[in-house]
Amino acid sequence: MLTGLKQLSPLLFAFTLAAAGCHAQVPLHLQGAANGQSSASSAGRQPASASGDRLPPDLARRVEVLIRSRASLPPDYDVLIGPRNPSSVPGYDEITVTFFSAGKTSKPMTFLLSKDNKSLAQFNKFDISKDPRTLVSGEGRPSRGGPSNAPVLIVGFDDLECPFCAKMHAQLFPALLDRYGNKVRIVYRDFPLDQHPWAMRAAIDTNCLAAQNPAGYWDLVDYIHAHAAEMGGEQKSLAKAHETLDTLTRDEGKRLKADSVALDACIAKQDDSAVKASIEEATQLGVDSTPALFINGEKLEGAVPLEYVYKMIDNALVASGQTPPPPPPPAAPVPSPQVPPAGKPGN
C-alpha cells in the first residue's frame, strides 16, 4: 500500500531526528558532509555507493525540496539522498533519505520513487503472520484465572516494590476475574526497576516459592503488594526488607508444606538469571516502566481507566470468536452532601 507524501506528518521527521539525535553519531562516511566539506544540499547530496544509480542532480533536488516542504525541516537539517535500487513494489524503485544536523544523524528512511520519476511515496511493510498472543510468553509462569487455552492471555510485567503496580494489582485484576472468569488467564513476569532496592530480591524469593507451589506464589505476591510500605520497617532499612521478604517466603512455604531445604537453598543462592532474562525480554518489547500489560500481545502501559482495559479484552475475545460479557452497570453516583440552610446548623 502506498502512502503519498501529502499525508506525511512533519512530526515523523522531527521525532526521528530527536529520537536518534540523543544516541546516534554521524557515520564516518558522513562526517565530512556534516562539517561542510561537501556541496550544498541544493545539489541533492548523495553518499557514494557501489550499488544502485545515483539520482541526477535535478531529480535529487526535486526529491529534497518536496521532503523539506512536506516535513517543514529546519534549514540547519541537511538531507542526503541515497542511490536508486530495485524495490518489491511494481513500478517503483527504492531510495533512502538520511537527515543530519549538528553532528547527529537520523536512521535512514526508505522512500519509493516511480520509474517515470513523477511520484515519491512511502511504503511500510510489516509481518503480521504471527499471532500477537504468541509474541509475549507466559510459559512456565504461575497463572490466575482461566486455563492455558483461555482465549485471552494477560501478561503483566511487575515490580513488587512499585506502588502503581500494587494499586493495579489490588483493583484491576479482581475486577477482571469477576467480569471475565475463566476467559482470561493472568500471568506475571518480572521487571524490577533499578530505583527499587529490594524489588530484585522480592522477584527472586517469590520465584523460589513458585517453583514448588504456583498458588503460594500468588498468595505471597498479594501480601507483598499489599504491605510493600512495611518491608523496610520504620527505618526503611534494605537489610530489614530483605530479611522480611525471606521470612515471608519461608513462612508461606511452611504453610504449604513445601520442601524447606530446597526453598532455603534457593533463597540463599539469590540466582537472578531468570529475572534478568525477563527484564531483557521486556526491554526488547519496549517496556521501560511498570506496570505494563500485554493483552493477547497488545501493550498497555500506565494507569488508564478500567473501561479501556475492558475494551481491549472484549476486542481480543471477539477476534478469538468469543462473545464478551455484557458491560457492567454504571457506578452509582455519589450523593452530594446536604448543606443546611443558612442560619440553621447541621446536626
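A crossing of two helices is called right-handed if the near helix is turned clockwise from the far one by less than a right angle. The views below come from a predicted model.

**View 1. Helix 6 crosses helix 7 in a right-handed manner.** Helix 6 covers residues 214–226 and helix 7 covers residues 238–255. Their axes come within 10 Å and cross at roughly 145°. On the helix 6 side, the contact is made by Gly216, Asp219, Leu220, Tyr223 and Ile224. On the helix 7 side, Leu245, Leu248, Thr249, Glu252 and Arg255 take part. The residues of this contact divide into five nonpolar, two polar and three charged.

**View 2. The whole chain, for orientation, has ten helices and twelve strands.** The chain has 347 residues, and 41% of them count as buried. Among contacts in the chain with a separation of 6 or more, 65% are between residues 24 or more positions apart.

**View 3. Cys208 and Cys266 form a disulfide.** A search of the whole structure finds one such link. The two sulfur atoms are 2.0 Å apart. The link is left-handed, with -80° about the S-S bond. Cys208 belongs to helix 5 (residues 199–210) and Cys266 to helix 8 (residues 260–269). The pair links distant parts of the chain, with the two positions 58 residues apart in sequence numbering. Cys208 has a relative accessible area of 3% and is buried, whereas Cys266, at 30% relative accessibility, counts as partly exposed.

**View 4. Cys162 and Cys165 are cysteines without a disulfide.** Why is this pair not counted as a disulfide? The sulfur of Cys165 is the nearest cysteine sulfur to that of Cys162, and it is 3.2 Å away. A disulfide needs sulfur atoms within 2.5 Å, so the pair does not qualify. The nearest cysteine sulfur to Cys165 is in turn that of Cys162. Cys162 is buried, with a relative accessible area of 3%. Cys165 also counts as buried, at 0% relative accessibility.

**View 5. The largest nonpolar core contains 41 residues.** In soluble globular proteins, nonpolar side chains tend to be buried together. The members that touch the most other members are Val152, Ile154, Phe173, Leu176, Trp198, Ile295 and Ile313. Leaving aside residues up to four places away in sequence, Phe173 touches Ile154, Met168, Ile186, Tyr188 and Leu293. Another core, of 16 residues, lies apart from the largest one. Its members include Leu59, Ala71, Leu73 and Met109.

**View 6. Arg179 sits in helix 4.** Helix 4 runs over residues 163–180. Is Arg179 buried or exposed? At 14% relative accessibility, Arg179 counts as buried, because the cut-off for buried is under 20%. Not counting residues up to four places away in sequence, Arg179 touches Tyr310 and Asp314 as well as Pro325, Pro326, Pro327 and Pro328.

**View 7. Gly321 lies in the segment after helix 10.** Helix 10 covers residues 306–319. Gly321 counts as exposed, at 65% relative accessibility. Gly321 and Pro151 are 170 residues apart in sequence. In space their C-alpha atoms are 8.8 Å apart.

**View 8. A cis peptide bond joins Thr290 and Pro291.** Most residues other than glycine have a negative phi, and most peptide bonds are trans. At the bond of Thr290 and Pro291, omega is about 0°. Pro291 is in the loop between helix 9 (273–284) and strand 11 (292–295).

**View 9. Ser72 has a positive phi although it is not a glycine.** The angle is about 50°. Ser72 is placed in the loop between helix 3 (57–71) and strand 2 (78–81). At 52% relative accessibility, Ser72 counts as exposed, because the cut-off for exposed is over 50%.

**View 10. Asn117 likewise has a positive phi and is not a glycine.** Its phi is about 65°. Asn117 lies in the loop between strand 6 (109–114) and strand 7 (120–122). Asn117 counts as partly exposed, with a relative accessibility of 27%.

Methods:
Residues numbered from 1 in each chain as written. Predicted model: local features only at pLDDT ≥ 70, side-chain atom pairs only at ≥ 80, totals over all residues. Heavy atoms only, no water. Helix = DSSP H or I, 4+ residues; strand = E, 2+ residues; numbered from the N terminus. Buried < 20%, exposed > 50% of the residue type's maximum accessible area, 1.4 Å probe, protein only. Axes fitted to C-alpha atoms, helices over the stretch in contact; angles between N-to-C directions. Contact = heavy atoms within 4.5 Å. Nonpolar A, V, L, I, M, F, W, Y, C, P; charged D, E, K, R; others polar. Core = buried A, V, L, I, M, F, W, Y, C linked by side-chain atoms within 4.5 Å.
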